[in-house]
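User: I am new to this structure and would like a close look at a single part of it. Please take the strands and their surroundings, and explain with care how side chains there pair up.

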Amino acid sequence: GDRSGQWNPDINRVRRDGSYVYEAFVPTGGIDVKVYAIAPSYAHAEARKSPAVDGKVERDANGKEVRHAVRLLDDQKRVASKITSAFRQGVCGFDMLYTPIGTSYVCDVNGFSFVKGSEKYLNDAAALLHTICMASLRPARFLEIWDRRQEEVAASGDTDDVEDRRTAVRRLSSAMP
């Protein structure tokens, strides 16, 4: 449905049957911002009408929540960088609330989170994650070991011992510290 919740002024008791986190209400002017961060260097943000305005979630013809890309300020980008580092999350999402006086608050951090339906974000994320994965494999070290292995094979004259790159990548990456 399109309902996220409904305010009932008659219900105001503190629940004691479990563990709950209660936050003070932050007036936002009706806008919520969803931020999607990858590593400490990339953040993509989208704004939506806050369901706190009327309890309803705006949806498009396909039933997807309506969101609009927004540009983060430099200090908000620094917050995204700090969150990925502090929570040790290479890919995460969080909600940021903007107050009418220009203050930003992070109110919710989610693990592995992706934007759905944004080709730019998906392309940026794929390129950045590819770079991160390749760097973790230490390609310079791999090529050094590969070249040495090929020299050993050539010197031995045993061509039956030549590995294809895919087999070599699997074997060598598992042996690298």
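Analyst: A residue is called buried here when its relative accessible area is under 20%, exposed when that area is over 50%, and partly exposed in between. The model is a predicted one, and in it lysine 34 and aspartate 95 are both buried. These two residues form a salt bridge, in which the closest N and O atoms are 3.1 Å apart. Because lysine 34 lies in strand E1 and aspartate 95 in strand E4 (residues 91-98), the pair ties together parts that are 61 residues apart in sequence.

Strand E1 takes part in another such contact, since aspartate 32 forms a salt bridge with arginine 48, the closest N and O atoms being 3.2 Å apart. Here aspartate 32 belongs to strand E1 (residues 31-38) and arginine 48 to strand E2, so that distant parts of the chain, 16 residues apart, are linked. Aspartate 32 has a relative accessibility of 11% and therefore counts as buried, and arginine 48, at 14%, is buried as well.

Strand E2 (residues 42-49) also holds lysine 49, which is partly exposed with a relative accessible area of 21%. Lysine 49 forms a salt bridge with aspartate 54, with 2.8 Å between the closest N and O atoms, and aspartate 54 is partly exposed at 38% relative accessibility. Salt bridges that share partners also join Asp32, Glu46, Arg48, Glu65 and Arg67 into one network, and the structure as a whole holds 7 salt bridges.

At the other end of strand E2 the contacts are between rings, and a search of the whole structure finds 2 aromatic pairs. In one of them, tyrosine 42 and tyrosine 121 have their ring centres 6.2 Å apart and their planes at 40°, which makes the pair tilted. Since tyrosine 42 lies in strand E2 and tyrosine 121 in helix H2 (residues 119-136), this pair ties together parts that are 79 residues apart in sequence. Tyrosine 42 is buried, with a relative accessible area of 18%, and tyrosine 121 is buried at 0%. Ring pairs link Tyr36, Tyr42 and Tyr121 into a cluster.

Tyr42 is also among the residues nearest the centre of the second largest pocket, together with Ala43, His44, Leu72 and Lys77. This pocket has a volume of about 240 Å³, and its lining of 16 residues comprises 10 nonpolar, 3 polar and 3 charged ones. Strand E2 supplies the largest share of that lining, 4 residues, while strand E3 (68-70) and helix H1 (74-86) each supply at least two.

Notes:
Residues are numbered from 1 along each chain as its sequence is written. This is a predicted model: local features need pLDDT of at least 70, side-chain atom pairs count only at pLDDT 80 or more; totals for chains, interfaces and linings use all residues. Side-chain values use heavy atoms; hydrogens and water are left out. Rings of Phe, Tyr and Trp (its six-membered ring) pair if their centres lie within 6.5 Å; planes under 30 degrees apart count as stacked, over 60 as edge-to-face and the rest as tilted. Buried means under 20% relative accessible area, exposed over 50%, partly exposed in between (1.4 Å probe, protein chains only). On a 1 Å grid over the protein atoms alone, a cavity is a set of points where a 1.4 Å probe fits but cannot get out, and a pocket is an open set with protein on both sides within 12 Å along at least five of seven lines; lining residues have an atom within 4 Å of a point. Grid points are joined across faces, edges and corners, and a volume is the space filled by probe spheres set on the points. Ala, Val, Leu, Ile, Met, Phe, Trp, Tyr, Cys and Pro count as nonpolar, Asp, Glu, Lys and Arg as charged, and the others, Gly among them, as polar. A salt bridge is a side-chain nitrogen of Lys or Arg within 4 Å of a carboxyl oxygen of Asp or Glu.
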